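Me: Please take a close look at one part of this model, the paired strands, and tell me how they are put together. Then put that part in the setting of the helices and of the contact between chains.

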Amino acid sequence: MTAPGGIGPAVKPAVKPFPNPVRTDFDRIRTEGRVYVNIGPSHPATHGTVQIIAELDGERVVRTDVHPGYLHRGFEKECESHTWHNLIPYVDRLNYVSALINDFAYCEAVEKLMGVEITPRCRYLRTLLSEYSRIIDHITCIAAGVMEIGAMTAFLYLMTIRDYMYEHLANLTGARVTYSYGRIGGLAADLPEGWLARLEELLVQQEEFVGRVHGLMDRNRIFIDRMRDVGVISTADAINWGFTGPILRSTGAARDLRKDTPYLAYADLDFDVPVGIKGDNYDRYYVRMREIDESVYMIRQCVDALPGGPINVDDRRCVLPPKSLVYTEIESLINHFKLIMDGPEVPVGDVYSAHEASNGELGFYLVSTGKGIPHKVHVRSPSFVHIGGVHLMLDGGQLADIIPTFGSVNMIGGECDR
Amino acid sequence: MADSVFDLVQAQLAPSIGQASVAHGVLVLELPAAELAGVVGRLKAEFRFDMFLDVTAVDWPGQDPRFEVVYHFYSTQHHVRVRLKTRVAEADPTVDTLVPLYGSARYMERECHEMYGIVFRGNADLRPALLYEGFVGHPLRKDYPKLQEQPLVEYRK
Amino acid sequence: MAQTPIPIPIVPAERPSQAFEYLCTKKDELVGWVRKFSLFPYPFVTACCAMEFMSVSSTIYDTDRFGAALPRFTPRQSDLLMVVGTVTHKQAPVLLKVYEQMCEPKWVMAFGVCATSGGFYQNYAAVQGIDKIIPVDIYVPGCPPRPEMVIDAIMRLQDKIARSQHIILTKDF
């Protein structure tokens, strides 16, 4: 074929077809008159990378096939070749939005296996920082969720307060997003000067920012129309399909590991467990907003009750000796050397330890053969299990409801795919 | 309260299970693979272990049977957890599926299958969940080298 | 009936006049200035670096000051592919497809160490650097990089765009 005028056609070589990394049932079962839409792994509104292949009848979603795994980074395989200490940065990057909770859940699992009891100050600090991370996670989830249905202002408000919190945590841990702050037997460092004062300032400021979002969204006609009765799931379905965390609580079941099986300092704190009524998107949004308030209340109680004392337990099996001793005594030097090079020697056995992360039950199943390197580390990630059941919320709805529903599930790619 | 539930479970299930112990607050039952579906059904129906938390496998390369399939269940009413362990051999790594009992089993069994090669008899959908089509091998087995990549796209020069 | 096509060759002048060279340089500067201040990023977001990407495009560290504010979530309309986060082998065909769907001129920013070199994930699953798959113009290390580093990277990329040649008409166009 030629174009008049004489400029020659650019003959392109045949493009090699791109390999398809997933296979769906839909290839076999194709119904006439249905449209198959790929809401692909690179999409502005699928938090992280997940592929949803939806079979549509007009605008109504008949079936969805959800494909996680685009962020599978081989965490469990990495774990089998690093020492127990060296895994803490990897563990951080599981649920990267609330990284401290992962740190502490992992450290507690190893401490259980070693039989190490952390100091009271460390317990309260870990509780405080877990709740702080939970606030950040809920802020991020809500911000991204409402941005996707069009509320840019709420997103920018929440990002601003989140940035102040990141700077505050960077003052404590050295990093903004992935902290690597937990240590087996304690924490990396104690609180710097003025940290608690700034914390109180930030909590007051976040009430203002989150209050603005409440004012913009809670009784907003458009928001309610888009989120009420959308993505409904019942309590029985939720439990059967393994949902935990805010999703289960939004269906009305007051299940929270912090109340049911208290760990860290939660037994000493006074807090409520917010529940929803219908299990729809609006309830999940509101449960998260209320959980932010409860977390702020818990943080204030922790600050008031924070005991003094050392951060790290004085146990040479897992805690590095102080540098002054390392440079002067030979035993401390060797201890330090062995802990770094070979890792702490964790007794033979296996343990499953679960924390209430911001998405639900985050469990670590550790198998040790007595060496400084784990035999196996398995993460029971709430997001992965939720992905297995999210089709219950998507099927039967509208195409445009896939985005807010999926946003309210808060699937974090690092946690889901590990 | 946890102890009473554990004692109850142990007493009722004692004939069919191999061993029972309590490790770090979790009741651990070790049983042969054939008993699995029955015991899980009883745990769900009689003892209200209504949430299926996790299934994974542990690879013990020198031992026979090689794989240990580990299940975790949680009871939202009693607030206790139970761990079930069963051993399967490398030659026939098959266990029964829990999909008829718990919906969450679908994706978790897919992941366990692709990582270790455990075949869940009765689960029709064992496509790779975290890995991709065309990936050969089971990466979390101890004999899969960590650095062996299987790229889907040709590298540039 | 097909005619044999007659390509019109574009032959550079034998001895380009200094005025011609001067005009070309000025044209490049103008086009460079225009292009560098109107970058449309395509945030190919995968992992933890997304948090810093959200921060850098929000109010405190604003990319809107540099013209790189509006993300275009379709590769056809964007010119800066920001690969934010780890790219795994499962994701690699998707990345290549998105890159090839973008029109010239296009630039690629490898945001974070995972995109630069695989990060600390040295195993079967992660691509050890996206420059194995697509050409990269600027690498931003950091795990995740601070927003100031990202802004520095955007500014350096803008310098690179300003310095480069912008060929508007080619033989095939």
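Reply: In this predicted model, strand β6 (residues 349-357) of chain A and strand β7 (residues 360-368) of chain A run antiparallel and are joined by 9 bridges. The two strands form a hairpin, with 2 residues between β6(A) and β7(A). One pair fixes the register for the eye: A:Y352 has A:Y365 in β7(A) as its bridge partner. β6(A) is also mostly covered, as 8 of its 9 residues are buried. In a regular strand, side chains point alternately to one face of the sheet and to the other.

Chain A has a further set of paired strands. Here three strands make an open sheet in the order β1-β2-β3 (chain A), and the pairing is antiparallel. β1 (35-39) and β3 (60-67) of chain A are its edge strands, each pairing on one side only. On average, neighbouring strands of this sheet are turned by 20 degrees against each other, direction ignored. Between strand β2 (residues 51-57) of chain A and β3(A), which run antiparallel, there are 7 bridges. Within that pairing, A:L56 has A:V61 in β3(A) as its bridge partner.

Chain B offers another view of paired strands, centred on strand β4 (residues 67-75) of chain B. This strand is mostly covered, with 8 of its 9 residues buried. β4(B) pairs with strand β3 (residues 51-59) of chain B in the antiparallel sense, over 8 bridges. In this pairing B:E68 in β4(B) stands opposite B:V58. β4(B) also pairs with strand β5 (residues 80-88) of chain B, again in the antiparallel sense and over 9 bridges. There, the bridge partner of B:F67 is B:V88 in β5(B). β4(B) and β5(B) form a hairpin with 4 residues between them, and B:H79 in the turn has a positive phi of about 60 degrees.

Now the helices of chain A. Helix α14 (residues 382-389) of chain A has 8 of its 8 residues buried, so this helix is largely enclosed by the rest of the structure. Among the buried residues of α14(A) are A:P382, A:F384, A:H386 and A:G389.

Helix α4 (residues 120-148) of chain A and helix α5 (residues 152-173) of chain A have axes that come within 8 Å and cross at roughly 160 degrees. Angles over 145 degrees count as roughly antiparallel, and therefore α4(A) is roughly antiparallel to α5(A). The crossing in which α4(A) passes α5(A) is left-handed. On the α4(A) side the contact includes A:I136, A:I139, A:T140 and A:M147, and on the α5(A) side it includes A:F155, A:L158, A:R162 and A:M165. By class, this contact of α4(A) with α5(A) has 13 nonpolar, 1 polar and 1 charged residues.

Last comes the contact between chains. Chain C has 36 residues in contact with 36 residues of chain A. On the side of chain C that touches chain A, α2 (49-56) and α3 (92-101) of chain C each supply at least two residues. α3(C) gives the most to that side, with 5 residues. By class, the side of chain C that touches chain A has 22 nonpolar, 9 polar and 5 charged residues.

Conventions: Residues are numbered from 1 along each chain as its sequence is written. Chains are lettered from A and ligands numbered from 1 in the order in which they are written. This is a predicted model: local features need pLDDT of at least 70, side-chain atom pairs count only at pLDDT 80 or more; totals for chains, interfaces and linings use all residues. Axes are lines fitted to C-alpha atoms, for helices over the stretch in contact, and angles run from 0 to 180 degrees between N-to-C directions. Angles under 35 degrees count as roughly parallel, over 145 as roughly antiparallel, 65 to 115 as roughly perpendicular and the rest as oblique. A crossing is left-handed if the near helix is turned anticlockwise from the far one by less than a right angle, and right-handed if clockwise. Two residues are in contact if their C-beta atoms, placed from the backbone, lie within 7 Å. Ala, Val, Leu, Ile, Met, Phe, Trp, Tyr, Cys and Pro count as nonpolar, Asp, Glu, Lys and Arg as charged, and the others, Gly among them, as polar. A residue is buried if 20 or more other C-beta atoms lie within 10 Å of its own, exposed if 12 or fewer, and partly exposed in between; C-beta atoms are placed from the backbone. Two strands pair if DSSP finds at least two bridges between them.
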